Amino acid sequence: MKFTLPELPYAKNALEPVISEKTIEFHHGKHHQAYITNLNNQIAGTKFENFSLETIIKEADGGIFNNAAQVWNHTFYFEQFSSQVGGAPTGVLAQAINEKFGSFDAFKTEFTGAGVSIFGSGWIWLVKNNEGKLEIVKESNAGNPLTKGLKPILTFDVWEHAYYLDYQNRRPDHLSALWNIIDWAKVNTRF
Ligand code: MN
């Protein structure tokens, strides 16, 4: 098996009550694992077997793209959280957010709203473009901004499996609560 499930950088109950231990068990232990298992099975015996995950995302399509992107997206997603840290970005990322969105609060409102507005499953991304400026990008299904030459900074998963056990249909409540567990020290390093 080429790709393996990354361990979480926190305990499974560390993000409660924003994300429950049960949701982590399914989302990380079952869904993320399934994308990895499917990817390993699908690339076996193909040219993609020797490619990095990023190269597979940029060059594959169909099922291999879907599983590779979901592996990358979930690893990136789970790494950005920490136990009840909340807070705000600092340094150059904070400056770029203020420059683009006016304030941190205005950015949070726009980002959450964009996630709420995605029809069906997908991901909402904060990215850095080729000019070093921030953009909010909406992607359906497994969509990943690496395919557009954009650098991911932050992402919220709006697939129902990310929140249905804890929030049922209340996607806006789930996305709003995620701001309380963002590890900005980690996110700052991605800019
Ligand atoms: Mn997910």
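I start with the rule for salt bridges: a side-chain nitrogen of Lys or Arg must lie within 4 Å of a carboxyl oxygen of Asp or Glu. The model I am reading is a predicted one.

**Entry 1: E25 and K12**

I looked up E25 with that rule in hand. E25 pairs with K12, and their closest N and O atoms are 3.7 Å apart. That value falls within the 4 Å limit, so I log the pair as a salt bridge. I then checked where the partners sit. E25 belongs to helix α1, while K12 is in the segment before α1. The two are 13 residues apart, and the pair links distant parts of the chain. For exposure, I noted a relative accessible area of 34% for E25, which is partly exposed. K12 also counts as partly exposed, at 41% relative accessibility.

**Entry 2: the other salt bridges**

How many salt bridges does the rule give? I get a count of 5. I looked up K133 and E99 next. Their side chains form a salt bridge with an N to O distance of 2.7 Å. K133 is in the loop between β1 (122–128) and β2 (134–140), and E99 is in helix α4, so this pair ties together parts 34 residues apart in sequence. K133 is partly exposed, with a relative accessible area of 39%. E99 counts as exposed, at 58% relative accessibility.

I also logged R170 and D173. Their side chains meet in a salt bridge at 3.2 Å, N to O. R170 is partly exposed at 35% relative accessible area. D173 is partly exposed too, at 38%.

**Entry 3: the manganese ion**

Which protein donors does the manganese ion have? I found H27 (NE2), H74 (NE2), D157 (OD) and H161 (NE2). They lie 2.0 to 2.1 Å from the ion. I wrote their sequence spacing as H-x46-H-x82-D-x3-H. H74 is in helix α3 (residues 62–79) and D157 in strand β3 (residues 151–157), so this pair ties together parts that are 83 residues apart in sequence. Are H74 and D157 buried or exposed? I have both down as buried.

**Entry 4: H32**

I went on to H32, which lies in helix α1. H32 counts as buried, at 1% relative accessibility. I listed its contacts, leaving aside neighbours within four places in sequence. They are L5, P6, H27, V71, H74, T75 and F78. Among them, I recognise H27 and H74 as donors of the manganese ion.

**Entry 5: two domains**

I took the bounds from the domain assignment: domain 1 covers 21–79 and domain 2 covers 91–190. Their centres, taken over C-alpha atoms, are separated by 20 Å. The contact draws on 19 residues of domain 1 and 23 residues of domain 2.

I then looked at the area. About 1700 Å² is buried between domain 1 and domain 2, and carbon and sulfur atoms give 65% of this. Which three residues supply more than any other three of the area that domain 1 buries against domain 2? I have T23, F76 and Y77, with 35%.

Next came the pairs across the interface. The rule finds 0 salt bridges between domain 1 and domain 2. I did count 9 residue pairs in polar contact there, with both residues at pLDDT 80 or more. On the domain 1 side, α1 (21–43), α2 (53–59) and α3 each supply at least two of the residues that touch domain 2. The largest share comes from α3, with 10 residues.

**Entry 6: G87**

My last lookup was G87. Where does G87 lie? I place G87 in the loop between α3 and α4 (91–101). Is G87 buried or exposed? G87 is exposed, with a relative accessible area of 54%. The cut-off for exposed is over 50%, so G87 passes. I listed its contacts, again not counting residues up to four places away in sequence: G87 touches F104 and W184. I also checked G87 against N180. These two are 93 residues apart along the chain, and 7.4 Å separates their C-alpha atoms.

Notes. Residues are numbered from 1 along each chain as its sequence is written. This is a predicted model: local features need pLDDT of at least 70, side-chain atom pairs count only at pLDDT 80 or more; totals for chains, interfaces and linings use all residues. Side-chain values use heavy atoms; hydrogens and water are left out. Donors are N, O and S atoms within 2.8 Å of the metal (3.2 Å for Na, K and Ca); water is not among the atoms, so sites may look incomplete. Helices (H or I, at least four residues) and strands (E, at least two) are DSSP runs, numbered from the N terminus. Buried means under 20% relative accessible area, exposed over 50%, partly exposed in between (1.4 Å probe, protein chains only). Domain bounds come from an automatic or database domain assignment. Contact means heavy atoms within 4.5 Å. Buried area is the accessible area (1.4 Å probe) that two parts lose on being put together, summed over both. A polar contact is a pair of N or O atoms within 3.5 Å; within protein, one must be able to donate a hydrogen and the other to accept it, and residues adjacent in sequence count only if both atoms are side-chain atoms.
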